[in-house]
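Please explain how this chain is put together, going from its interior to its strand pairings, its cross-links and its loops.

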Amino acid sequence: QVQPVESGGGLVQAGGSLRLACAAAGTIVSKNHMGWYRQAPGKQRELVATISSIGITNYADSVKGRFAIFRDDVKNTLYLQMNSLKPEDTAVYYCTVQYGRYWGQGTQVTVSS
């Protein structure tokens with residue numbers, strides 16, 4: 001059973017940073033296509049960033065240059081480093097495995113102005 005579990009969300013002021021983590025029990029992070037999505041209140045879920053099994057990354061235009069997706073193969077954990085956060089980054093952030101086949105429960109990120 002593959003179960004992604006997110007952590008690291010919280011409340012931060014605009015301009016601040018947060019690092020989200022996703023521990024994907026039941027699978028090997030480095031062998032999977034993985035990603036981060038987010039959903040803000042009243043909005044559709046949207047892609048934030050993805051990383052392929054060979055390390056190719058992809059980012060939404062709204063986060064390019066501010067966010068970085070990476071993984072720690074030793075810890076079998078996926079991360080999302082978020083810098084220069086803006087109020088519009090406020091959302092529930094979800095970790096996905098295998099092109100969205102498996103989803104975590106999400107972690108709340110709130111950016112105050």
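The paragraphs that follow take up the core, the disulfide, the strand pairings, the salt bridges and some loop residues in turn.

The coordinates come from a predicted model, and every value given below is to be read with that in mind. A natural place to begin is the interior, since in soluble globular proteins nonpolar side chains tend to be buried together. Here the largest nonpolar core has 29 residues, and the members that touch the most others are Met34, Trp36, Leu80, Met82 and Tyr93. The strands that each supply at least two residues of this core are β3 (18–25), β4 (34–39), β5 (46–51), β7 (67–72), β8 (77–82), β9 (91–97) and β11 (107–112).

Two of these strands are also joined covalently. A search of the whole structure finds one disulfide, and this bond is formed by cysteine 22 and cysteine 95, with the sulfur atoms 2.1 Å apart. It links distant parts of the chain, cysteine 22 lying in strand β3 and cysteine 95 in strand β9, with their positions 73 residues apart in the sense that they are 73 residues apart. Both cysteine 22 and cysteine 95 are buried. The torsion about the S-S bond of this pair is about -75°, and the disulfide is therefore left-handed.

The strand pairings can be followed outward from β4, which takes part in two of those described here. With β9, strand β4 pairs in the antiparallel sense over six bridges, and within that pairing methionine 34 stands opposite valine 97 of β9. With β5, strand β4 again pairs in the antiparallel sense, in this case over five bridges, and glycine 35 stands opposite threonine 50 of β5. As general background to these two neighbouring positions, in a regular strand the side chains alternate between the two faces of the sheet. The β4 and β5 strands make a hairpin that has six residues between them, and in this hairpin glycine 42 takes a positive phi near 75°.

A further antiparallel pairing, over six bridges, brings together β7 and β8, and here alanine 68 stands opposite glutamine 81 of β8. These strands, too, form a hairpin, with four residues between them, and asparagine 76 in the turn has a positive phi of about 55°.

Next come the charged side chains, for which the general point is that side chains of opposite charge can pair when their charged atoms come close. A search of the whole structure finds five salt bridges. In one of them the side chains of glutamate 46 and arginine 38 meet at 2.7 Å, N to O. The two partners differ in their surroundings, because arginine 38 has a relative accessible area of 5% and is buried, whereas glutamate 46, at 35% relative accessibility, counts as partly exposed. Another salt bridge joins the side chains of lysine 64 and aspartate 61 at 3.1 Å, N to O; aspartate 61 has a relative accessible area of 64% and is therefore exposed. In a further case aspartate 73 forms a salt bridge with arginine 71, the closest N and O atoms being 3.4 Å apart, and aspartate 73 is partly exposed, its relative accessible area being 46%. Salt bridges that share partners also join Arg38, Glu46, Arg66 and Asp89 into one network.

Arginine 71 leads on to the loops, as it is among the contacts of serine 53. Where does serine 53 lie? Its place is in the loop between β5 and β6 (57–59), and at 37% relative accessibility serine 53 counts as partly exposed. Leaving aside neighbours within four places in sequence, serine 53 is in contact with Ser30, Lys31, Asn32, His33 and Arg71. Serine 53 and leucine 78, which are 25 residues apart in sequence, are 12 Å apart in space, C-alpha to C-alpha.

Two other loop residues deserve a look for their backbone torsions. Serine 84, found in the loop between β8 and β9, has a phi near 50°, a positive value in a residue other than glycine, and with a relative accessible area of 40% serine 84 is partly exposed. Glutamine 98, in the loop between β9 and β10 (102–103), has a positive phi of about 60° although it is not a glycine, and glutamine 98 is partly exposed, with a relative accessible area of 27%.

How values were computed:
Residues numbered from 1 in each chain as written. Predicted model: local features only at pLDDT ≥ 70, side-chain atom pairs only at ≥ 80, totals over all residues. Heavy atoms only, no water. Core = buried A, V, L, I, M, F, W, Y, C linked by side-chain atoms within 4.5 Å. Buried < 20%, exposed > 50% of the residue type's maximum accessible area, 1.4 Å probe, protein only. Pairing = 2+ DSSP bridges. Contact = heavy atoms within 4.5 Å. Salt bridge = Lys/Arg side-chain N within 4 Å of Asp/Glu carboxyl O. Disulfide = S-S within 2.5 Å.
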